[in-house]
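Let's take a friendly walk through a protein model together. Have the sequence at hand and turn the structure around as you read.

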Amino acid sequence: MKEKIKDNIFKLWIIMSTIIVVGVTIFILGYIFKKGMGSIDLEFIFNNPKGIPLGAEGGVFPAIVGSLLLMLLSCFFASFLAIATAIYTIFYCRNKYIGDIIHLIIQCMAGIPSIILGMFGYTLLILYFKIDRSLLTASITLGIMIFPYIEVRIEKIMNEINSNIISTSYALGVSKFYTIFKLILPICREDIISAILLGGGFAMGATAPIILTGAVIFAPIPKSILSPVMALPFHLYILTGEGISLEKAYGTAAILIILLLIINVLSLILNRKEHR
C-alpha cells in the first residue's frame, strides 16, 4: 500500500512539473509573440535599422543575416574540434588518466561564464593576435562556447553504436581510419548534424561572447569574415538597454525565437529520421 502511494505521489510530481514547465514556456513565448508580432512585417524583416536613435525605425535584416552567419561559422569551428576530440577519446585514447583529464577539461569549459569567454576572445584574438573585431573573432569565441556541448553529445552518440559492428569491421581487416570515416560517421550522421544544430541555436542566442569580439550597433551585411557584424541578441540588448524602442525589441525577440524554433524542429526531424 505504501509503495502504491509513493508511486502515485511520484507520478503526480512528474505530471505537475511537466505542466508547470510547459505552461511557463507557452506563457513566455505567447507574451513575446503577442507584443512583437504587431511590429513584424516585410519592411521590418528586410530593411536596415533606421531612425534617431538608430533602431527606432526600420528593420533587422543585417542582424538576421549576421546571426545566421555567426551560427554557421561557430558550428564549423566547434564541430571540427568536437568530432576530432570525440573520435580520439573513443577510438584512440587508451590511457584512462588522459581520457579523464580530457573530460575534466571539457566539463570545466562548459562551466565557464559566457562573458568570460568573450573577454578571453577579446584578449587573445583582438589584443594579442591583432585581428579586428569581426565575424571571424566572434564566431571563434562562440565556437569555443558551444564546443563542450557538441563534443559531449557526439561522444555519447558514438558510444551508443553497437560494438559488434566495430569489432566485425576490425575482424575483417578493415583499418581503424576506414572504419571511422566510412562506417561509424555515416551511421550517426543525422544525430551528429542534429547535435551541431542544437549547438548552433545555443550560439545564435548568446550575447555576452560577441559584445567584445565582433557585434556592433550597426553594420551592413558582412562582405568578408573580417567585417564587423550585427546580431539579433546584441541588437535586442541595445534596443532594451538604451530604451530605444520596446516595440522593436519585442519584434526582434520574436524573430530570434522563430529562428531558434526552426533550428530545433530541424534537429528533432533529423533525430527522429535517424532512429526509425
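Before anything else, keep in mind that this is a predicted model. Let's begin with the overall layout. The chain has 276 residues, and 41% of them count as buried. Its C-alpha atoms fill a box of roughly 70 × 65 × 30 Å, taken along the principal axes. Along the way the chain forms 12 helices and 2 strands. If you read from the start of the sequence, the order of these elements is α-α-β-β-α-α-α-α-α-α-α-α-α-α. You can also ask how contacts relate to positions in the sequence. Among contacts with a separation of 6 or more, 75% are between residues 24 or more positions apart.

Now let's zoom in on one spot, the loop between α1 (2-36) and α2 (42-46), where you will find S39. Is S39 buried or exposed? The relative accessible area of S39 is 6%, and buried means under 20%, so S39 is buried. What does the side chain of S39 reach? It comes to 3.0 Å from the backbone oxygen of G36. If we set aside the neighbours within four places in sequence, S39 is in contact with F44, E247 and G251. Try finding these three contact partners of S39 in the structure.

Next, look at the aromatic rings. Over the whole structure, a search turns up 8 aromatic pairs. One pair to look at is F76 with F77: the ring centres are 5.6 Å apart and the planes meet at 65 degrees, so this pair is edge-to-face. The cut-off behind that label is an angle over 60 degrees. How accessible are these two residues? F76 is exposed, at 52% relative accessible area, whereas F77 is partly exposed, at 25%.

Another edge-to-face pair is made by Y128 and F129, with 5.0 Å from centre to centre and 85 degrees between the planes. Y128 has a relative accessibility of 62% and counts as exposed. F129, with a relative accessible area of 49%, is partly exposed. That value sits on the other side of the cut-off, because exposed means over 50%.

Rings can also be linked into a cluster, as happens with F27, Y31 and Y250. A ring may have a charged partner too: K176 lies over the face of Y92, at 4.9 Å from the ring centre.

Let's turn to charges that meet each other. How many salt bridges does a search of the whole structure find? The search finds 4. One of the salt bridges joins the side chains of D7 and K11, with 3.4 Å from N to O. Both residues belong to helix α1, and being 4 residues apart there, D7 and K11 are separated by about one helical turn. D7 counts as partly exposed at 36% relative accessibility, and K11 counts as partly exposed at 46%.

A further salt bridge links E160 and K156, whose closest N and O atoms are 2.6 Å apart. E160 counts as exposed, with 53% relative accessibility. Then there is the salt bridge between E190 and R189, where the closest N and O atoms are 3.7 Å apart. Here the partners fall into separate classes: E190 is buried, with a relative accessible area of 14%, while R189 is partly exposed, with 44%.

Finally, let's check the cysteines. How many disulfides are there? The count comes to 0 disulfides. Take C93, which is in no disulfide: the nearest cysteine sulfur belongs to C108 and is 17 Å away. Seen from C108, the nearest cysteine sulfur is that of C93, again 17 Å away, and C108 is in no disulfide. Why does this pair not count? A disulfide needs the two sulfur atoms within 2.5 Å, so a separation of 17 Å does not qualify. As for their surroundings, C93 counts as buried at 11% relative accessibility, whereas C108 counts as partly exposed at 48%.

Technical notes. Residues are numbered from 1 along each chain as its sequence is written. This is a predicted model: local features need pLDDT of at least 70, side-chain atom pairs count only at pLDDT 80 or more; totals for chains, interfaces and linings use all residues. Side-chain values use heavy atoms; hydrogens and water are left out. Rings of Phe, Tyr and Trp (its six-membered ring) pair if their centres lie within 6.5 Å; planes under 30 degrees apart count as stacked, over 60 as edge-to-face and the rest as tilted. Buried means under 20% relative accessible area, exposed over 50%, partly exposed in between (1.4 Å probe, protein chains only). A charge sits over a ring if NZ of Lys or CZ of Arg is within 6 Å of the ring centre and within 35 degrees of the ring normal. A polar contact is a pair of N or O atoms within 3.5 Å; within protein, one must be able to donate a hydrogen and the other to accept it, and residues adjacent in sequence count only if both atoms are side-chain atoms. Contact means heavy atoms within 4.5 Å.
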